[in-house]
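Hi,

Here is the structure I promised to pass on. Have a look at it first, and then read on for what turned up.

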Amino acid sequence: MGVMIYTEENKLDQLEEQIRALDQTTRAKIAEEEQKAKKESKPFCLRCANEDLVNGLTEIKQRIERATIQGTPLTDAIKISLDMDYDSYTKMKLISVTPYTETKLVTTSKGEVVKAKIPTSYFEHYACDRGHVPMKLELDPEEYKRKNKVKQEEVYEDIVETESVKKGKK
Ligand SMILES: [Zn+2]
């Protein structure tokens with residue numbers, strides 16, 4: 001979003017139109033950044049992003065209002081732009097990890113087929129430093145391993161219960 005500078009010959013409604021456009025493009029950008037973070041298995045605080053958007057727009061509106069009340073013509077440049085630090089919304093603190101388990105048939109290294117509770121996904125709980133409620137990021141075991149550089153065997157350490165299943169039983 002480029003910086004737009006307005007001079008006195010511009011009308012107030014033109015400024016308002018630009019604010020609406022800035023609101024829309026920023027919302028689209030927030031959604032895009034949120035998706036990008038999700039693809040990279042990174043948390044993203046949507047509440048922080050929305051807070052900054054709303055506060056930024058309010059500030060611009062207040063600046064215009066002040067200039068209008070003071071009778072200052074809008075000759076003093078009013079910038080219709082926001083300084084959003086999208087990267088900062090992914091800087092969240094990991095609070096805990098909870099594996100979600102399901103009972104599945106797995107073959108052990110000895111070739112034995114067993115019924116085991118294995119993690120099918122992991123929930124990472126995050127909180128941002130503005131104190132927003134912890135967000136939950138769901139990762140499948142592959143993503144979890146890639147992200148935490150865990151070996152296959154270690155993932156299956158979470159097996160909590162096994163039961164032998166006889167082969168060829170009718
Ligand atoms: Zn936040």
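A word on terms before the details: a residue is called buried here if 20 or more other C-beta atoms lie within 10 Å of its own, and exposed if 12 or fewer do. Please also keep in mind that this is a predicted model.

Let's start with helix α1, which covers residues 12-39. Its 28 residues reach 41 Å from the first C-alpha to the last, close to the 40 Å expected. Thr26, Ile30 and Ala37 are buried in α1, and the buried residues of this helix pack against α2.

Between α1 and α2 comes a loop that holds Ser41. Ser41 is not a glycine, yet it has a positive phi of about 55 degrees. It counts as partly exposed because it has 16 C-beta neighbours inside 10 Å.

Helix α2 takes in residues 46-69, 24 in all, and spans 34 Å, close to the 34 Å expected at 1.5 Å a residue. Just after α2 there is another positive phi, about 75 degrees, at Gly71.

Now for the part I enjoyed: which residues make up the largest nonpolar core? There are ten: Ile30, Ala37, Phe44, Cys45, Ala49, Tyr89, Met92, Tyr126, Cys128 and Leu137. Domain 1 (12-89) and domain 2 (92-164) both contribute residues, so this core lies between them.

Tyr126, one of the core residues, is worth a click. Beyond its neighbours within four places in sequence, Tyr126 is in contact with Pro43, Met92, Lys93, Leu94, Ile95, Pro134, Met135 and Leu137.

Best wishes

Methods
Residues are numbered from 1 along each chain as its sequence is written. This is a predicted model: local features need pLDDT of at least 70, side-chain atom pairs count only at pLDDT 80 or more; totals for chains, interfaces and linings use all residues. Helices (H or I, at least four residues) and strands (E, at least two) are DSSP runs, numbered from the N terminus. The expected span of a helix is 1.5 Å times one less than its number of residues. A nonpolar core is a set of buried Ala, Val, Leu, Ile, Met, Phe, Trp, Tyr and Cys residues joined through C-beta atoms within 7 Å. Domain bounds come from an automatic or database domain assignment. Two residues are in contact if their C-beta atoms, placed from the backbone, lie within 7 Å.
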